[in-house]
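Student: Hi! I have a structure open and would like to talk it through with you. Shall we start?

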Amino acid sequence: MTTKTIHSKIAIIITAAGSSTRIGGGIKKEYLPFKNGTVLSVCAETFLNACKDFEITDFIVTCPKGGSEKCREALGNVDCFASLAMTGGLQIVEGSDTRQKSVYNGLLAVTGNPDIVLIHDGARPFVSQEVIMEALEAAVEFGASVPGVTPTDTQKEIDADGFITRHLVRSHLTAVQTPQCFRFKELLEAHGKAAADGKEYTDDTEIWGAYCGRVRVTKGDVNNIKITYPSDLEALK
């Protein structure tokens, strides 16, 4: 690990403000039982363990509007958060109707002046410490990073009528995952501009690309899946 990274201050934002409509069952996917806790608590623990040698200025979890108590229950024992030297401690922040707006709410809640912010899907409990650290290292060096994996299927671009318009080169493609990592001040400013430009962005790398520059892709993990559909629940067993 580089000295530069060791001395970097970081903020962590875990997004869990979605409605989980596609998973069904009546329980938010982030609150489903997993290991000795929940999907969300396992995510939080993984990040705390991976980043224990860093100065974590803020640890923020976004939740649905009016859902802060259920979110805190899903996080379980938060004594581990209190033991960290964080400016704001653990914060649960209400999200909005889109991921973009929810992340922006989380960014606005950061109080500790970090160098780097890591943004992770709360429904990705299988993320490894190696994936986290490699993305963090790249963000320190290049300003922005995201883990990615090469698609296994050949990809095509199609038109509105369903006909192939372009044959894409699979080796030049990547399926991005999280954590997505960025220099904090630049991302906060970019999100502010994106909130005012009338466009809808799919993720934070797209916002960074629009207003800041290039994003370095680091090695992802095929096991770092996002719990989305009922079939994905098998992975939690």
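Student: Is C71 buried or exposed?

Tutor: C71 is buried, with a relative accessible area of 0%. Keep in mind as we go that this is a predicted model.

Student: Noted. How many disulfides does a search of the whole structure find?

Tutor: Zero disulfides turn up in a search of the whole structure. C71 is in no disulfide, and its nearest cysteine sulfur, that of C63, is 5.0 Å away.

Student: Why does C71 to C63 at 5.0 Å not qualify?

Tutor: The cut-off for a disulfide is a pair of cysteine sulfur atoms within 2.5 Å, and the sulfur of C63 is 5.0 Å from that of C71. C63 is likewise in no disulfide.

Student: And C63, buried or exposed?

Tutor: C63 counts as buried, at 0% relative accessibility.

Student: Let's switch to salt bridges. How many does the structure hold?

Tutor: There are eight salt bridges in the structure. One of them joins the side chains of D204 and R99, at 2.9 Å from N to O. D204 lies in helix α8 and R99 in helix α5, so this pair ties together parts that are 105 residues apart in sequence.

Student: How accessible are D204 and R99?

Tutor: D204 counts as buried at 1% relative accessibility, while R99 counts as partly exposed at 25%.

Student: Which residues are linked with them in a network of salt bridges?

Tutor: The network links R99, D121, R124 and D204. Within it, D121 forms a salt bridge with R124, and their closest N and O atoms are 2.9 Å apart. Both D121 and R124 are buried.

Student: What about the salt bridge in helix α7, where do its partners sit?

Tutor: That one is between the side chains of E189 and K193, at 3.5 Å from N to O. E189 and K193 both lie in α7, four residues apart, which is about one turn of the helix. E189 is partly exposed with a relative accessible area of 49%, and K193 counts as partly exposed at 38%.

Student: Back to helix α8. Which of its residues are buried?

Tutor: In α8, which covers residues 204–211, the buried ones are D204, T205, I207 and W208. Seen down the axis of α8, its buried residues fall within an arc of 160 degrees, so they line one face of the helix.

Student: What do the buried residues of α8 pack against?

Tutor: They pack against two helices, α5 (99–108) and α7 (184–196), and against strands β6 (116–121), β7 (144–149) and β11 (180–183).

Student: And what follows α8?

Tutor: α8 is followed by G213, whose phi is positive, near 150 degrees.

Student: I'm curious about H120. Where is it placed?

Tutor: H120 is in strand β6, and at 0% relative accessibility H120 counts as buried.

Student: What does the side chain of H120 reach or make polar contact with?

Tutor: The H120 side chain reaches the backbone oxygen of R124 at 2.9 Å. A polar contact also joins the side chain of H120 to the side chain of T178, at 2.8 Å. Leaving out residues up to four places away in sequence, H120 touches I13, I14, T15, C43, F47, V127, T178, P179 and N224.

Student: Nice. Now the largest nonpolar core: how many residues does it have?

Tutor: The largest nonpolar core has 33 residues, and those with the most contacts inside it are I10, L40, F59 and V61. Elements giving two or more residues to this core include β1 (9–15), α2 (39–50), β4 (55–63) and α6 (129–142). The largest share, seven residues, comes from α6.

Student: Which residues is I10 in contact with?

Tutor: Apart from its neighbours within four places in sequence, I10 is in contact with C51, F54, E55, I56, T57, D58, P114, I116, L118 and L136. There is also a second, separate core of 15 residues, which includes A11, V103, A144 and L187.

Student: Last one: in which strand does T218 lie, and what does T218 touch?

Tutor: T218 lies in strand β12, residues 216–219. T218 is buried, with a relative accessible area of 8%. Not counting residues up to four places away in sequence, T218 touches E134, A135, A138, S145, V146, P147 and G148.

Conventions. Residues numbered from 1 in each chain as written. Predicted model: local features only at pLDDT ≥ 70, side-chain atom pairs only at ≥ 80, totals over all residues. Heavy atoms only, no water. Buried < 20%, exposed > 50% of the residue type's maximum accessible area, 1.4 Å probe, protein only. Arc of directions from axis to C-beta. Contact = heavy atoms within 4.5 Å. Polar contact = N/O pair within 3.5 Å; in protein donor to acceptor, adjacent residues only side chain to side chain. Salt bridge = Lys/Arg side-chain N within 4 Å of Asp/Glu carboxyl O. Core = buried A, V, L, I, M, F, W, Y, C linked by side-chain atoms within 4.5 Å.
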